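Open the structure in a viewer and keep the selection tool at hand. The tour goes from one chain to the other, one selection at a time.

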Amino acid sequence: MAKILILFAHPALEKSRVHAQLVRAIRGMQGVTLHDLYEIYPDLNIDVRHEQSLLLQHDIILFQHPFYWYSAPAMIKQWMDLVLEHGWAYGRTGNALRGKIAGSIVSTGSQEAAYHKEGWHRHPVNDFLLPFRQTAALCNMQYLDPFVVYGTHKLSHQEISEAAISYRQMLENLRDGQLKLQ
Amino acid sequence: MEHSYFFIAMIYLAAAVIFIPIARKLGLGSVLGYLLAGIVIGPSLMGFIGQEGQDIMHFAEFGVVMMLFLIGIELEPALLWNMRAPILGLGGLQVLITTAIVTGLAMLLGQPLNASLALGMTLSLSSTAIVLQSLKEKGQLSSAAGQSAFSVLLFQDIAVIPMLAIFPLLAGADTGNTTPHEQTLRDNLPAWAQTLMVLGAVTVIVVAGRYLVRPLLRVVARARVRELFTAFALLLVVSISVLMSLVGLSPALGAFLGGIVLANSEYRHELESDIEPFKGLLLGLFFMAVGASIDFKLVLSMPWVILGLVAALMLIKALTLIILGKIFRISIEQNLLFAMALSQVGEFAFVLLSFTQQNNILSQQTVSIMTAVVALSMALTPLLLLLHERIIQPRFNKTAPDDTREADEIQEKHPVIIAGFGRFGNIVGRFLRVNGIQATILDLDSDRVDALHNLGIKVYYGDASRHDLLASAGAADAKVIIIAMDTVEQTLEVVKVVRKHFPHLQMLVKAENIPDTYELMDLGVLHIYRETLDTSLRMGADALQMLGVRAYQAQRNVSTFRKQDEKALKGLSAIRNDKKLYINTVKERIEELEKLMSNDRVTRWNPTAQGWDEQSLIDEANQD
């Protein structure tokens, strides 16, 4: 059974519809640590040593956040800048994360069709996540295809619940090694 | 001419007030100004003061004692120990060699051996008052030359003790046992008892300084009567002088020792600034007395003899010093300053000369001539130093003290001064300290100073609203002052003093409440910290969190609230003297705040969070 760390970043969860449900659905899951960055570091003063030890205790590292301007909220960038130190996460002696698995769980306002070569945003979500993919590669981690909740602006409460259930299912499979990794 | 006490005081004070600004303006330094003032009011020129000059000089010599006390208090004992080589080596050799040369020359000029030896010893001494005051004014005390000069002067003060013992012997058996100084307890005692007495006196000063003076200072400080502290400081110096005179030691030396014992005391800055003005006035008086005592009638009657003697004497002393300076590896430029500074004869010569006359070691005429020579050499010293500063130093292309020796820092010079080390100031101080910033701390609560001192924290007792105290705490060189006094009145005082005397200092000021804040704003203070604001808001944020608000949101709300609050305060400050408008505006603000607070949509109050609000996007998406 693999251990999963979810690095969750939402600057205004109190107003969130999607992530509030996603988080509720997975809370208390065995083998899953939900790490709410904005709640723990409201001043963005990240405890690097603590974050690194958390990473070492887990096998699968997932970033969960809304998709803001084709990327993550500022907290995730701050976290990467500080925690993924040279000589620890990458570089000649940086092997701490070697062999672990990384991935992203994002929600977008637009429909899936908009994230297409001919669509509104002209690129699939996967393309926009290139910095995450390459960051994982540099740290010798494998990067999974993202779990995306599309079209949040038009999702009903019921539809969001369904997305939350499939999120939970995905995590269970990942945890129990049943998900086929590319 | 008989004058009243007050008339004489008026003449001296007026002369100082008139001449010193002129001398400073001309770049001559205050020592020269005082000497000139003395010459002008003296019997030779205007005759406002007569022959009492000598008596005044005796009295004013106490200024030298105070100066040595102040120098001692600024000197760490460890620093003195480091100086033992120049004191004994440089100082010892200077006194011995100069005495030998002058004695030899006097014999060549036909003086008998005892008279020659008396002259040699008398003339080997230099003037502590003139040298140290002049060097201090030029900022040269911590240079190689300044430190060497200080070492030599210190040794000369020690050398006076054996000289006083030798002088009665020179007078011969028939003239009896009168000593050059006033009667002391030491007279008529065997040598071992005398030695024991001297050692005992030194021990008394050290032990009393350590274990008696500090607790007494604490008691006096606790009484919170400012002049009482001044009185005690004076009492301290006077007592040391009395004790020293009693056992026949130099009072200046004793005061220096007393100063060193108190150098690490938390009351150091306060003592310094209390004694300083007395020292300044007395030294000024002393210099004027020296100026007044130059007998120009005598000088004019035999100008070449006297001027020749002055020139020869100063040249001999200077050459001796130059050679010694070379041996002790002082750089050329500093060595010249060192030699020129110490080339005069010191004030103690007046005492010794009058003794030699009373005991017929020297003839009356010789003593008169030598007194004039000594006074002239003293008066010439500031001129020589001016010559060095204007002509010699520029040639060496370096205005800074030379690198032959690391300049010893006598005063602490920290970038930060904390005025008030109560609950508030001590947190700031601790925070700065863990960040490697040293601060000079001043506090007015003697119990607190005491307690902190026991914890090993250097806190100085003193009223930070005194500009002289701030100056001795290094305000001229500091960058920032943190003002966190216990009461508003004290805070406002300190702010005013800093603004007036140290306008370059950035002020960070603690305020207790809104009226204080207004007053500080009126004084132009830019950085004001209400002592309860941040803590209350942090508490509020925690309460919000306990009620389920996200930490990040709570933190942002605190920040927004504080900014709005401070902005509102600035707006209110401008109109607060208009009672009606003020009350109306306050009412409006309260209503506004209530409206904001009662609104359950935090975003309305906190407009910067719109970026995270999807509502408009959702609305737009649903219109499609």
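## Chain A: overview

Of the 182 residues of chain A, 35% count as buried. Keep in mind from the start that this is a predicted model. Select the whole of chain A and colour it by secondary structure: there are 7 helices and 6 strands. Followed from the N terminus, the elements come in the order β-α-β-α-α-β-α-β-α-α-β-β-α. Contacts in chain A between residues at least 6 apart in sequence are joined, in 77% of cases, by residues at least 24 apart.

## Strand β3 of chain A

Next, select residues 60-66 of chain A, which form strand β3. How many of its residues are buried? The count is 7 of 7, so the strand is mostly covered. Show the side chains and look along the strand. A:Ile60, A:Leu62, A:Gln64 and A:Pro66 point one way, while A:Ile61, A:Phe63 and A:His65 point the other way. Both sets are buried.

Now add the strands that pair with β3(A). Select residues 4-8 of chain A, strand β1, which pairs with β3(A) in the parallel sense over 5 bridges. To find a place where the two strands face each other, pick A:Phe8, which stands opposite A:Gln64.

Then select residues 101-107 of chain A, strand β4. This strand runs parallel to β3(A), and 7 bridges join the two. Pick A:His65 and look across to A:Val106, its bridge partner in β4(A).

Add residues 74-83 of chain A, helix α4. With β3(A) and β4(A), this helix makes a right-handed β-α-β unit.

## Chain B: overview

Hide chain A and select chain B. This chain contains 28 helices and 6 strands. It has 624 residues, and buried residues make up 42% of them. Of the contacts in chain B with a separation of 6 or more, 71% are between residues 24 or more positions apart.

## Two helix pairs in chain B

Select residues 62-73 and 251-261 of chain B, helices α4 and α12. Their axes are 7 Å apart, and the helices pack at an angle of about 25 degrees. Which word describes how α4(B) and α12(B) lie to each other? An angle under 35 degrees counts as roughly parallel, and α4(B) and α12(B) are therefore roughly parallel to each other. Their crossing is right-handed. To see where they meet, show side chains on both: the residues in α4(B) include B:Val64, B:Leu68 and B:Ile71, and those in α12(B) include B:Ala252, B:Phe256 and B:Gly259.

For the second pair, select residues 84-108 and 303-327 of chain B, helices α6 and α15. Here the axes come within 10 Å and cross at roughly 140 degrees. The crossing of α6(B) and α15(B) is right-handed. Among the residues that meet are B:Leu90, B:Gln94 and B:Ile101 in α6(B), and B:Ile316, B:Thr320 and B:Leu324 in α15(B).

## Last stop: B:Ile39

Select B:Ile39, which is in helix α2, residues 30-41 of chain B. Is this residue buried or exposed? B:Ile39 has 22 C-beta neighbours inside 10 Å and so counts as buried; the cut-off is 20 or more.

Now show what lies around B:Ile39. Leaving aside neighbours within four places in sequence, B:Ile39 is in contact with B:Ser44, B:Leu45, B:Gly291, B:Ala292 and B:Ile294. Finally, add B:Phe287, 248 residues away along the chain. The C-alpha atoms of B:Ile39 and B:Phe287 are separated by 9.8 Å.

Note on methods
Residues are numbered from 1 along each chain as its sequence is written. Chains are lettered from A and ligands numbered from 1 in the order in which they are written. This is a predicted model: local features need pLDDT of at least 70, side-chain atom pairs count only at pLDDT 80 or more; totals for chains, interfaces and linings use all residues. A residue is buried if 20 or more other C-beta atoms lie within 10 Å of its own, exposed if 12 or fewer, and partly exposed in between; C-beta atoms are placed from the backbone. Helices (H or I, at least four residues) and strands (E, at least two) are DSSP runs, numbered from the N terminus. Two strands pair if DSSP finds at least two bridges between them. A crossover is right-handed if, with the strands pointing away from the viewer, the path from the first strand over the helix to the second runs clockwise. Axes are lines fitted to C-alpha atoms, for helices over the stretch in contact, and angles run from 0 to 180 degrees between N-to-C directions. Angles under 35 degrees count as roughly parallel, over 145 as roughly antiparallel, 65 to 115 as roughly perpendicular and the rest as oblique. A crossing is left-handed if the near helix is turned anticlockwise from the far one by less than a right angle, and right-handed if clockwise. Two residues are in contact if their C-beta atoms, placed from the backbone, lie within 7 Å.
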